[in-house]
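Grab a pencil and work through the exercises below. Try each task yourself before you read its solution.

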Amino acid sequence: MLIALFIVLSAGVKIATADEPVPTPWPPQFHALLFMNYSGDLSMIDLWYDWINGRNFNIIQEQLGGITYDLEWNNGTSFIYSLDESKSCRSAQLEVGILRPNWLDGAKYLGQQNVSGFLCNVWEKVDFIWYYEDVITKRPVQWIFYTGREAHVMTFDVGAVLEDEKWQAPVYCFNKEKKGLSTKGALREFKGYKEKAAL
Ligand SMILES: *[C@@H]1O[C@H](CO)[C@@H](O)[C@H](O)[C@H]1NC(C)=O
Ligand SMILES: *[C@@H]1O[C@H](CO)[C@@H](O)[C@H](O)[C@H]1NC(C)=O
Ligand SMILES: *[C@@H]1O[C@H](CO)[C@@H](O)[C@H](O)[C@H]1NC(C)=O
């Protein structure tokens, strides 16, 4: 009887998950332009994801404002700096490295939704992020953090890589006496997410 129950249960599980789509893993290297909206606070992010070289770069342009460079290495070190005369730089050491290509594994499928004119599959992961992927092209269309910060994907170039020189943090990031930098925490959510779920 136990065996019969087991067969019924495992068949039930199969039926329940058989036709649920799973998120497409991120390509090992890509460049995306993101239009960000945080309660009307707008910015544009140049995202260079480079899993192969263990690095991730977010170049954040605030609307009619400054540019913040947020450079993360897979050893957990990140540098957040500006390249203007303020020469500000802050570094941080996180427990975990950059997002893995399969960081969306285990996300809960929520069905389909039309978003900005694209029919999307929608998933939610650990009450942290809602992720929208084009049903046909499998490209991400947008994601929304639990804080309400929205990222709209404007371009998504698979295989694009930023030249090595551009990944060099400025010399003042390595000075003993560091200047603080206030950022609006463009990717704070992702850092929290990684601490919560990436392990
Ligand atoms: C930004 O998001 C707010 C809601 O948080 C919305 O009212 C506003 O229209 C959005 N702005 C743009 C330019 O999308
Ligand atoms: C991590 O790697 C970067 C780039 O190679 C380097 O600047 C940084 O010092 C490294 N951090 C640690 C803790 O080794
Ligand atoms: C998305 O929009 C199309 C075209 O308007 C419509 O046929 C479809 O039912 C919509 N799908 C969802 C999930 O809202």
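Before we start, a word on terms: strands are DSSP runs of E with at least two residues, numbered from the N terminus, and two of them pair if DSSP finds at least two bridges between them. Keep in mind that this is a predicted model.

**Exercise 1. Take stock of the chain.**
Work out how many helices and strands the chain has, and in what order they come.

Solution.
- Step 1: Count the elements. You should get 2 helices and 11 strands.
- Step 2: Walk from the N terminus. The run is α-β-β-β-β-β-β-β-β-β-β-β-α, with a helix at the start and a helix at the end.
- Step 3: Check the burial. Of the 199 residues in the chain, 25% are buried.
- Step 4: Look at contacts with a separation of 6 or more. Residues 24 or more positions apart account for 46% of them.

**Exercise 2. Put the strands in order.**
Find the strand order of the sheet, and say whether the sheet is open or closed.

Solution.
- Step 1: Recall that strands of a sheet pair through backbone hydrogen bonds, either parallel or antiparallel.
- Step 2: Follow the pairs across. The order is 6-5-4-3-2-1-11-10-9-8-7, with antiparallel pairing, and the sheet is open.
- Step 3: Spot the edges. Strand 6 (89–93) and strand 7 (108–115) each pair on one side only.
- Step 4: Add the twist, which averages 20 degrees from one strand to the next.

**Exercise 3. Zoom in on strand 11.**
Which strands are joined to strand 11, and by how many bridges?

Solution.
- Step 1: Take strand 1 (residues 29–38). It runs antiparallel to strand 11 (residues 150–158), and 8 bridges join the two. Here Asn37 stands opposite Glu150.
- Step 2: Now take strand 10 (residues 140–145), also antiparallel to strand 11, with 3 bridges. Gln142 stands opposite His152 in strand 11.
- Step 3: Inspect the hairpin of strand 10 and strand 11. It has 4 residues between the strands, and Gly148 takes a positive phi near 100 degrees.

**Exercise 4. Compare with another pair.**
How many bridges join strand 4 to strand 5?

Solution.
- Step 1: Find strand 4 (residues 67–73) and strand 5 (residues 77–81), which run antiparallel.
- Step 2: Count 4 bridges between them.
- Step 3: Pick out one partner: Glu72 is bridged to Ser78 in strand 5.

**Exercise 5. Describe the shell of ligand 3.**
Which residues surround ligand 3?

Solution.
- Step 1: List Gln112, Gln113, Asn114 and Leu119.
- Step 2: See which element gives the most: strand 7, with 3 residues.
- Step 3: Sort by class, which leaves 1 nonpolar, 3 polar and no charged residues.

Note on methods
Residues numbered from 1 in each chain as written. Chains lettered and ligands numbered in written order. Predicted model: local features only at pLDDT ≥ 70, side-chain atom pairs only at ≥ 80, totals over all residues. Axes fitted to C-alpha atoms, helices over the stretch in contact; angles between N-to-C directions. Buried ≥ 20, exposed ≤ 12 C-beta atoms within 10 Å, placed from the backbone. Contact = placed C-beta atoms within 7 Å. Near = placed C-beta within 6 Å. Nonpolar A, V, L, I, M, F, W, Y, C, P; charged D, E, K, R; others polar.
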